[in-house]
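Biologist: I would like a close look at the nonpolar interior of this protein and at the pieces of secondary structure around it. Please take me through it with some care.

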Amino acid sequence: TAPWSEYYNKRRAIVSLQSTADRERILNSEYDVIVVGAGPVGAGLAFGLTRHDYRVLLVEQSWSEPDRIVGELMQPAGYQALCRLGLSDVFRGIGAVEAHGHFVEYKGNGVEIPYNVNAKTGRRFRGVSFHHGRFLQNLRGACQANSLITCLEARVVDLVRDPVSGRVLGVKVGAAGKPGGSVLSDEDQLRVRQGDLPANEDEGEGDTEMMVLASVTCVCDGIFSRLRKLHCTISPDLRSHFVGFVIDHTQLSPRDPSALESGQVDEVFRTNPLPLPQHGHVLLSGRAPVLMYQMSNTETRVLVDIPGVRLPKESTGELRGYLEKIAETIPDWSIDGRPNLRDAYLTALRSTKRIRAIANSFLPPERMRVPGVIFIGDAMNQRHPLTGGGMTAGLWDAVHVCDLLAPSRIPDLRDADRVLKAMTELHWRRKPRTMVINILAMALYTLFAAETEVLESLRAGCFQYFLRGGDCVDHPSGLLSGLL
């Protein structure tokens with residue numbers, strides 16, 4: 001188990017505005033940094049900042065375990081960033097699975113793209129796949145166990161700014177509602193924006209609100225950031241949606257039990273339908289890519305991309321009809337006698353009560369211009385999640401911010417001009433890795449969701465390139481994993 005496992009899904013270290021004692025504690029405390037959002041990037045950043053002995057207030061609207069359909073596969077470079085932040089143990093005790101690379105299928109043929117060899121160890125780099133919620137609760141547990149972090153459950157209503165200089169001084173927070181209560185899921189936020197669900201106009205009305213100040217405020221509130229407008233001059237450009245469900249291996253049966261009896265198949269893979277277990281799968285035989293990867297030894301996530309801004313309605317049966325049609329493009333494969341992949345897809349789809357959805361957008365990064373505030377993660381920069389690079393980009397942002405705010409560089413965080421100058425350096429320091437992640441994600445999505453005959457020819461050529469092996473696989477793998 002992880003060192004902070006005793007805090008997993010526990011609330012004893014979380015403070016709330018609904019408690020008079022907690023409010024007084026916050027008002028009587030001094031914070032060096034406020035972090036808005038306790039997702040992977042926000043929690044990782046908060047923990048990393050304490051390595052400089054900074055006092056951190058970590059604000060999250062709901063500390064309950066979330067149920068998301070992305071942020072479940074971390075590339076090797078993302079894990080390296082977690083280690084740099086002091087969180088190397090965060091995958092212990094949650095059933096996480098090692099990921100050894102990718103498997104790409106195109107028109108009935110497949111090719112493995114393994115992770116590169118580490119020149120120092122002689123062994124291949126490894127990624128990790130997992131339940132997003134379990135991973136996040138371990139991260140949050142690490143923050144709760146850290147005496148320099150105050151974990152507050154509250155809504156961030158707005159940023160507090162100096163009326164003369166415009167510098168951000170902190171945040172205005174309001175009570176989050178019932179302790180441990182849920183917030184709108186990603187797909188419900190999508191439905192609100194599309195008019196399929198009414199917005200809660202009375203949210204927070206009458207709540208206790210208070211201001212909390214700090215030398216620096218870091219905004220990490222994700223793809224639906226409410227505070228982004230202060231930093232970004234443009235809005236995220238919606239390109240498609242992922243809709244997802246889970247294949248439960250325990251509900252499947254081997255196609256050829258004799259293969260198991262002969263010892264050809266490892267026991268842990270006996271009901272795993274993926275052609276190459278412990279790899280992220282990209283299936284390209286349809287109109288748009290389908291992703292599959294393990295979340296544990298007994299579960300596989302399926303993500304189907306639906307191009308365009310319109311998401312078919314589930315209430316009318318349109319969405320399920322679309323996904324049933326996609327099944328025709330799923331390979332009719334049974335590898336080593338294990339369950340058939342297409343049958344597993346259909347079985348899981350038909351047994352899923354609610355199809356999950358998430359928006360896939362592009363938001364280019366911009367330089368920080370407002371003193372006193374730092375935007376990182378999806379609040380500042382987004383790319384299509386096809387390549388699984390979002391957490392890698394965001395966690396390395398957290399590493400860079402921690403390095404640039406170190407006392408050896410900035411002795412006093414109240415020096416807003418010096419902090420802003422450091423964030424200009426952040427813009428350039430993150431470019432070599434994040435630029436590759438962003439360009440590769442958007443270029444490969446355009447290619448893999450081929451809309452024209454020319455793009456379809458390029459997609460076929462890309463697959464033929466992978467089949468050549470050698471550098472034709474190693475170099476793309478290094479780029480995909482964030483290592484080059």
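Modeller: A term is needed before anything else: pLDDT is the predictor's confidence in each residue, on a scale from 0 to 100, and contact here means heavy atoms within 4.5 Å. This is a predicted model, with an average pLDDT of 92 for the protein and 91% of the residues scoring at least 70. One stretch to set aside is residues 201-206, where pLDDT stays under 50 and where the model has four contacts beyond four places in sequence. Where pLDDT is low, the predicted coordinates should not be read in detail.

Turning to the interior, the largest nonpolar core holds 80 residues, and the members that touch the most others are V35, L45, F135, V173, I374 and L405. Helix 9, which covers residues 390-404, gives the most to this core, contributing eight residues. In soluble globular proteins, nonpolar side chains tend to be buried together. Of the 15 residues of helix 9, 13 are buried, so the helix is largely enclosed by the rest of the structure. From its first C-alpha to its last, helix 9 reaches 21 Å, close to the 21 Å expected at 1.5 Å a residue.

I374 repays a look of its own: once its neighbours within four places in sequence are left aside, I374 is in contact with V216, T217, C218, V219, M368, V401, L405, V419 and M423. Apart from the largest core lies another core, of 33 residues, which includes V104, L386, Y445 and V473.

Among the strands, strand 13 (residues 280-283) is covered on both faces, since G280 and V282 on one side and H281 and L283 on the other are all buried. Strand 6 (residues 101-106) runs parallel to strand 13 and is joined to it by four bridges, with F103 standing opposite H281. Strand 14 (residues 290-296), by contrast, runs antiparallel to strand 13, with three bridges between them; here V282 has L291 as its bridge partner, and a hairpin of six residues leads from strand 13 to strand 14.

There is also an open sheet of three strands, in the order 4-8-5 and with antiparallel pairing. Strand 4 (73-74) and strand 5 (97-99) are at its edges, each with a single partner strand, so one side of each is left without a neighbour in the sheet. Strand 4 is joined to strand 8 (residues 127-129) by two bridges, and M74 has V128 in strand 8 as its bridge partner.

Conventions. Residues are numbered from 1 along each chain as its sequence is written. Side-chain values use heavy atoms; hydrogens and water are left out. A nonpolar core is a set of buried Ala, Val, Leu, Ile, Met, Phe, Trp, Tyr and Cys residues joined through side-chain atoms within 4.5 Å. Buried means under 20% relative accessible area, exposed over 50%, partly exposed in between (1.4 Å probe, protein chains only). Two strands pair if DSSP finds at least two bridges between them. The expected span of a helix is 1.5 Å times one less than its number of residues.
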